[in-house]
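Reader: I'm new to protein structures. Could you walk me through how the helices pack in this one?

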Amino acid sequence: RLTSITISNNEGNQYDVTNLLEGFRITESIYDMFLTGNIVLIDNQNIFNRIGFTGQEYIRIHFSGIQGLEEEVPEDEQINQVFRIYNVSHYHRDTEINLNNVVFSLDFCSPLLYEARTKRISRIYRGQHGKIINDICRDELNFIEPENTLKTSVKGGKELGNFFSVRDPNVGDVAGFLCPNWTVYKALEYLRDNTSNDSQDAKPYGDSYYLYQTCLNGFRFHNVASMRTI
């Protein structure tokens, strides 16, 4: 059940585009560190030109599942996320049904992905990979502890989920890690891809570690064996 879709531009103006929706997709994957998505809108109100897309817009998508007798799931189980729009991937006029309709497609991502792609790190870290990943996320992406999160509200144009709901800090090599002016994204990717679990419990299911964002429960850093218990 769709509650609302709102776009905010860099001038602070908000536009409710719920009634213009053709469809949308949000991608959450253990192979992707951050949420991404795409939305298609059919515009007959000149919204596209009124917003004036520059790549600095945000889109808030709020929807919920249905349970029982057509009842919405509890608020803390609803998807209520703010994403950053980074691309207009498609734009054309509807020549089949109504020439007044403009169809356009927007690509969006977690605002944290934008931060991770633009911020750079030049420093030495010490400790295991799980600890270093936490330090980078805390210092560069402003992660907070789970007990301090407000998971049912979005304020100030920031998305939900800048915290770890699952994290194994005691994995990876115990050594110094020199980050040579890499982006935050590349540093996290390197640490993720070079972390493994040599215990026998991990072997039947794979010893690789995954770092990924979820729509409801922040970020997770763990292996397949741990996934089986959630």
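Reader: At what angle do helix 3 and helix 4 pack?

Author: Helices here are DSSP runs of H or I with at least four residues, and strands are E runs of at least two, numbered from the N terminus. Axes are lines fitted to C-alpha atoms over the stretch in contact, with angles from 0 to 180 degrees between N-to-C directions. For helix 3 (residues 129–140) and helix 4 (residues 184–193), the axes lie 10 Å apart and the angle is about 165°.

Reader: Why is helix 3 called roughly antiparallel or roughly parallel to helix 4?

Author: Angles under 35 degrees count as roughly parallel, over 145 as roughly antiparallel, 65 to 115 as roughly perpendicular and the rest as oblique. The angle is about 165°, so helix 3 is roughly antiparallel to helix 4.

Reader: Which residues of helix 4 make the contact?

Author: Contact means heavy atoms within 4.5 Å. Helix 3 brings His-129, Ile-132, Ile-133, Ile-136, Cys-137 and Glu-140, and they meet, on helix 4, Val-184, Ala-187, Leu-188, Leu-191 and Arg-192.

Reader: Which element gives the most to the largest nonpolar core?

Author: Such a core joins buried (under 20% relative accessible area, 1.4 Å probe, protein chains only) Ala, Val, Leu, Ile, Met, Phe, Trp, Tyr and Cys residues through side-chain atoms within 4.5 Å. The largest has 28 residues, with Ile-133, Ile-136 and Leu-188 among those with the most contacts inside it. With 5 residues, the element giving the most is helix 4.

Reader: What should I know about the model and its numbering?

Author: This is a predicted model, where local features need pLDDT of at least 70 and side-chain atom pairs 80 or more, while totals for chains, interfaces and linings use all residues. Side-chain values use heavy atoms, leaving out hydrogens and water, and residues in each chain's written sequence are numbered from 1.

Methods:
Buried means under 20% relative accessible area, exposed over 50%, partly exposed in between (1.4 Å probe, protein chains only).
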